[in-house]
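Student: I would like to learn how to read a structure like this one, feature by feature. Could you show me the chain and then explain the general ideas as we go?

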Amino acid sequence: LMVASMFGGILVPMAIGQFFLGETPLTALQITAVLMMLASLVLMNVRTISFKGASKSYYIWCLALFFANGLYGAINNLQTVVMEGAQRTEMLTILYLCSALAAIGMELFQGQGKQLVDGFKMGKKSALFLVITCLSATAAANLLLYILTLMESSILYTIDSGAVLVLSIIYSLVLFKEKPTWEVVLGMVIAVASIVLINIPA
């Protein structure tokens, strides 16, 4: 699921940007950097990838996640192009409102309405983390839409996907004392190298 999500987040906006929005074609070096990033995403997740016991419907959901995450990025990019970077507030309000309504609807559909209500009963520490998460997500979404006005989406989403996974792994090493495998370390090195290469001007 993680690999499908990350691949979609890079490849779908890239394809739409290149073929339909007239973005500047990637150089050979940037294409190499993108391929390196895709390889690093697989490497960093390789020990958790398993094809045993997975049903066909599971792969359909992976494919759906690939396109859903990709279309999210592509729509962000399209909105930025059409509105010339304006109206981020409306875009983000609609995004988070629809996400909340979809989550509530799914919980009710699965008969988990009581758990949904119970989820908001939390202590001060949990509430603090909730507020920090909300502020971080809001800042990240605003920064993403702002940076889309400054650089090509093909480059931005490659950096975004790789950096998110690298930082997540670093957090897990520091906060949860997880021991890195050689695949994770190699994947992180390749991801960082990819970010450097993709930013080298043509």
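Tutor: Let us begin with accessibility: a residue is called buried when its relative accessible area is under 20%, exposed when it is over 50%, and partly exposed in between, using a 1.4 Å probe and protein chains only. Ala28, for example, counts as exposed because its relative accessibility is 60%. What you see is a predicted model, in which local features need pLDDT of at least 70 and side-chain atom pairs count only at pLDDT 80 or more, while totals for chains, interfaces and linings use all residues. Residues are numbered from 1 along each chain as its sequence is written, and side-chain values use heavy atoms, with hydrogens and water left out.

Student: How many helices and how many strands does the chain have?

Tutor: Helices (H or I, at least four residues) and strands (E, at least two) are DSSP runs, numbered from the N terminus. Here the chain has eight helices and zero strands, so that the order of elements from the N terminus reads α-α-α-α-α-α-α-α. The C-alpha atoms occupy a box of roughly 55 × 45 × 40 Å along the principal axes, and buried residues account for 30% of the 202 residues.

Student: What span should helix 3 have, and why?

Tutor: The expected span of a helix is 1.5 Å times one less than its number of residues. Helix 3 covers residues 56-83, and because its 28 residues should span 40 Å at 1.5 Å a residue, the 40 Å between its end C-alpha atoms agrees with expectation. Helix 7, with 23 residues, reaches 32 Å from its first C-alpha to its last, close to the expected 33 Å. Helix 6 (residues 124-147) has 24 residues and reaches 34 Å, close to the 34 Å expected.

Student: Which residues of helix 3 and helix 6 are buried?

Tutor: In helix 3 the buried residues include Cys62, Phe66, Gly70, Gly73 and Asn77, whereas in helix 6 they are Ala141, Leu144 and Leu145.

Student: Which residues touch the most other members of the largest nonpolar core?

Tutor: A nonpolar core is a set of buried Ala, Val, Leu, Ile, Met, Phe, Trp, Tyr and Cys residues joined through side-chain atoms within 4.5 Å. The largest one here has 23 residues, of which Ile10, Val34, Leu41 and Met44 touch the most other members. Helix 1 (2-19), helix 2 (28-45), helix 7 (153-175) and helix 8 (182-198) each supply at least two residues of this core. A second, separate core has eight residues, among them Leu144, Leu145, Leu156 and Tyr157.

Student: What does Met44 touch, not counting residues up to four places away in sequence?

Tutor: Contact means heavy atoms within 4.5 Å. With those sequence neighbours left out, Met44 touches Leu165, Val166, Ile169, Glu183, Val184, Gly187, Met188 and Ala191. For the chain, among contacts between residues at least 6 apart in sequence, 81% join residues at least 24 apart. A separation between C-alpha atoms can be read in a similar way: Ala28, found in helix 2, and Ile198 are 170 residues apart along the chain, yet their C-alpha atoms are separated by 9.9 Å.

Student: Is Ser153 buried or exposed, and what does it touch?

Tutor: Ser153 lies in helix 7, and it counts as buried because its relative accessibility is 1%. Not counting residues up to four places away in sequence, Ser153 touches Pro13, Glu23, Asn77 and Leu148. Compare this with Ile49, in the loop between helix 2 and helix 3, which counts as partly exposed because its relative accessibility is 36%. On the same basis for neighbours, Ile49 touches Val3 and Val42.

Student: Where does a positive phi occur just after a helix?

Tutor: Most residues other than glycine have a negative phi, and most peptide bonds are trans. In this chain, Glu84 takes a positive phi of about 55° just after helix 3, and Lys177 takes a positive phi of about 55° just after helix 7. Lys177 is placed in the loop between helix 7 and helix 8, where it is exposed because its relative accessible area is 66%.
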